[in-house]
Amino acid sequence: MYTFIFMIMMILVFGKLLGFAIKAAWGVSKIVCTVVFLPLLLIGMVIIGLVKIALPILLIVGCVSFLLPKINN
């Protein structure tokens, strides 16, 4: 009986920890993608010669990041 209760508690505790870990990893991956990969992608596109594609992407991301804090408030 104690083993069964122990197993249920272990599943509950580590289930909550797993949920927290997934939320934390998702937050970290969003930060890494926006701070590291997007600028590297845009710089790489300009170096390769894809300025016609990189400029609209930069303008869209810039407008969204400029207006998004005003929408949330």
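**View 1. Cys33 and Cys63 in the predicted model.** Cys33 is partly exposed, because its relative accessible area is 42%, and in this predicted model the other cysteine shown here, Cys63, likewise falls in the partly exposed class with a relative accessible area of 46%. A disulfide is a covalent bond between the sulfur atoms of two cysteines. With a disulfide taken as a pair of cysteine sulfur atoms within 2.5 Å, the count for this model comes to zero disulfides.

**View 2. The protein chain as a whole.** The protein chain is built with two helices and zero strands. Its radius of gyration is 21 Å, well over the 11 Å that the globule rule gives for 73 residues, so the chain is more spread out than a compact globule. Measured out along its principal axes, the C-alpha trace spans about 70 × 35 × 15 Å. Buried residues make up 4% of the 73 residues, and the accessible surface of the chain comes to about 6,600 Å², with 84% of that surface belonging to carbon and sulfur atoms.

**View 3. A nonpolar patch on the surface.** Met1, Tyr2, Phe4, Ile5, Ile8, Met9 and Leu12 together form a nonpolar patch on the surface, and their accessible area adds up to about 840 Å². Within this group, Met9 has its place in helix 1, which covers residues 2–48, and Met9 is classed as partly exposed because its relative accessible area is 47%. Leu12, another member of the patch, is also found in helix 1 and counts as partly exposed at 48% relative accessibility. Looking from this patch residue to a distant point in the sequence, the C-alpha atoms of Leu12 and Val64 are separated by 39 Å, while the two residues stand 52 places apart along the chain.

**View 4. Gly49 in the loop between the helices.** Gly49 is found in the loop that lies between helix 1 and helix 2, the latter being residues 51–72. With a relative accessibility of 52%, Gly49 counts as exposed, since the class of exposed residues begins over 50%. From C-alpha to C-alpha, Gly49 and Ile11 are 53 Å apart in space, and in sequence they are separated by 38 residues.

**View 5. Met45 and its contacts.** Met45 is found in helix 1, and at 11% relative accessibility it counts as buried, because the limit for that class is under 20%. Leaving aside neighbours within four places in sequence, Met45 is in contact with Leu50, Val51, Ile53, Ala54 and Ile57. Among these partners, Val51, Ile53, Ala54 and Ile57 fall within the range of helix 2, residues 51–72. The C-alpha atoms of Met45 and Leu55, which are 10 residues apart along the chain, are separated by 9.5 Å.

Definitions and conventions. Residues are numbered from 1 along each chain as its sequence is written. This is a predicted model: local features need pLDDT of at least 70, side-chain atom pairs count only at pLDDT 80 or more; totals for chains, interfaces and linings use all residues. Side-chain values use heavy atoms; hydrogens and water are left out. Helices (H or I, at least four residues) and strands (E, at least two) are DSSP runs, numbered from the N terminus. The radius of gyration is taken over C-alpha atoms; the globule rule is 2.2 Å times the number of residues to the power 0.38. Buried means under 20% relative accessible area, exposed over 50%, partly exposed in between (1.4 Å probe, protein chains only). Accessible areas come from the Shrake-Rupley method with a 1.4 Å probe; for residues, only the protein chains shown count as cover. Patches are made of residues with over 30% relative accessible area and no salt bridge: like charges are joined within 9 Å, nonpolar side chains (Val, Leu, Ile, Met, Phe, Trp, Tyr) within 5 Å. A salt bridge is a side-chain nitrogen of Lys or Arg within 4 Å of a carboxyl oxygen of Asp or Glu. Contact means heavy atoms within 4.5 Å.
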